[in-house]
Amino acid sequence: MPSLEQLESTYTQAAAELSKITSGDALEAWERRYLGKKGEITLALRSVGQIAPEERAAFGKRANEIKNALGAAYSEREEAIRQHELAQTLEEGEIDVTLPGRTIPTGGLHPTTQTLRKIYNIWAEMGFQVYRSRDVEDDETNFTLLNIPPHHPARDMWDTFHTTTPGVILRTHTSPGQVRAMHEYGENGTQPIRVILPGMCYRYEQISARSEIQFNQVEGLAVGRNIRLTDLKGTISAFARRMFGPDKRVRFRGSYFPFTEPSMEVDVECVLCGGHGCPMCKYTGWLEIAGCGMVHPVVLENGGYDPREWSGFAFGMGPERMTILLHGIPDIRYFWANDLRFLEQF
Ligand code: DAH
C-alpha cells in the first residue's frame, strides 16, 4: 500500500535528480520515470483508492501538489536546457573573424591564348581583322584551290586526318581560310582585304617533343592593288620586331609553298643568345617564325580576283612555336597535356 512517507521520499528524489539534469535526453527519461503514464507519481495518484479512507484525502491532496510542483519544475528545467543548448550551438558555429579568408581560385589564360592575343593586337594595329574559318574542311579548299591538285607530290607536305565522309578532312593548315575570306570579303574580287586567320590545325603525325597532332596557326592575307614583295617584307619585319623586341634582326630565306610565288621563310634573331648561337637556335643564331610569300595567281583567281589587277601577300605562323621560343619551353606536348604545373607558370 502506498504511504505518504514513500510519496514524500519519491518527491525529494525526483526533485534532486531534476536539478542535476543538463540534457534534453536525460530530461525526457526523467519525465517518463516520474510523470509519464506509468511514472511513479502518476501511479501513486492512481492508487488513492487503496488508501485507508481516513488518510485518502490528505494523500490525494499531497500527491496532486507534488505532481504540480514537479510539473512546474520540469517546464522550468526544459526551458533552461533549451537556452543552454542554443547558446552552445551558437558558440560552436561562431565565425572566427580573425581567420584568413578562403582564397577563391582564379583561372588563367593558356600560354597559347596569351601569345594569340599578343599576335591579334599587333596585327590589329596594322589594320588586320580576325577571320575565323572552319576546322573541318573539304579536300578541295584545303588543297586544290590552294594550287595543290590531287596526286600532286606537294600534298605529302601535310599528313592529313580524313573523316569517314569522302572529301571531308580536318584542316592541315589555316591557309584554306584564305580562299573563304576572299569570297566573303572580296565582293567578287572588287574589294581589298586584310585579315588574319587564327585557329587549330590537325596533322596525322607521330607525336614528339617537336610535333603535335594539333596546334594553332595564324594565317595572314592582304589583297589589294600594287601590293609588292617589299610590302610583305616590311609588314612582317614590323610584326616580328613588335613581337620579339624592337632591336631584333629579321631575315627572309627563299623557300617553296604551292600557294605563294615567290615563297620565303622568316627568321628572327635568336631571342636567347642574340644571334651568337645556342642549343635553342641549333647554333645558327636564327629562329624560324613563319612561312610567307606573294599569293599565287591561281589562288587569287580561286578567290575571285583577277591576278592581272590584284596582288597580295600571305603568311602562316605557329603561336605554340612562338611561345616555345619566347619562354624556352623544351617540349610542345606540354601545351595540350593539361598539366597545371606547366600551365600555372604563365
Ligand atoms: N600553310 C603553310 C603550312 O602550314 C604555312 C604558310 C606558308 C602559310 C606560307 C602561308 C604562306 O600563307 O604564305 O605549312
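User: Quick one to start: which strand does Pro262 lie in?
Analyst: In this predicted model, Pro262 lies in strand S7, which runs over residues 260-269.

User: And what kind of peptide bond joins Glu261 and Pro262?
Analyst: The bond between Glu261 and Pro262 is a cis peptide bond, with omega at about 0°.

User: Switching to the ligand, which residues come nearest?
Analyst: There are 16 residues around the ligand, and of these His173, Ser175, Arg203, Gln217 and Glu219 come nearest.

User: What polar partners does the ligand have on the protein?
Analyst: Among them is the side chain of Ser175, where an N or O atom is 2.8 Å from a nitrogen atom of the ligand. On the oxygen side, a polar side-chain atom of Gln178 lies 3.2 Å from a ligand oxygen atom, and a backbone N or O atom of Phe315 lies 3.3 Å from an oxygen atom of the ligand. The protein covers 92% of the 360 Å² of accessible area that the ligand has on its own.

User: Which strands supply at least two residues of the shell around it?
Analyst: Strand S5 (214-224), strand S8 (286-295) and strand S9 (311-317) each supply at least two residues of the shell around the ligand. The space that the ligand takes is the largest pocket.

User: Back to His173: where is the place of that residue?
Analyst: His173 is in the loop between strand S3 (168-170) and helix H7 (176-185).

User: Buried or exposed?
Analyst: His173 counts as buried because its relative accessible area is 2%, and the cut-off for buried is under 20%.

User: What does its side chain pair with, and what does His173 touch?
Analyst: A polar atom of the His173 side chain lies 3.1 Å from the backbone oxygen of Asn142, and a polar contact of 3.5 Å joins the side chains of His173 and Ser175. Leaving aside residues up to four places away in sequence, His173 touches Asn142, Leu146, Trp158, Cys201, Arg203, Gln217 and Phe259.

User: Different topic, what is phi for Asn147 and for His151?
Analyst: Asn147 has a positive phi of about 70° although it is not a glycine, and phi of His151 is near 70°, again a positive value in a residue other than glycine.

User: Where do they lie?
Analyst: Asn147 lies in the loop between helix H6 (139-142) and S3, and His151 is also placed in the loop between H6 and S3.

User: And how exposed are Asn147 and His151?
Analyst: Asn147 is partly exposed, with a relative accessible area of 21%, whereas His151 is exposed, with a relative accessible area of 80%.

Key: Residues numbered from 1 in each chain as written. Heavy atoms only, no water. Helix = DSSP H or I, 4+ residues; strand = E, 2+ residues; numbered from the N terminus. Buried < 20%, exposed > 50% of the residue type's maximum accessible area, 1.4 Å probe, protein only. Polar contact = N/O pair within 3.5 Å; in protein donor to acceptor, adjacent residues only side chain to side chain. Contact = heavy atoms within 4.5 Å. Near = heavy atom within 4 Å. Areas by Shrake-Rupley, 256 points an atom, 1.4 Å probe, with all protein chains shown as cover. 1 Å grid on protein atoms, 1.4 Å probe; cavity = no way out; pocket = protein on both sides within 12 Å on 5 of 7 lines; lining within 4 Å. Sits in = over half its atoms within 2 Å of the grid points.
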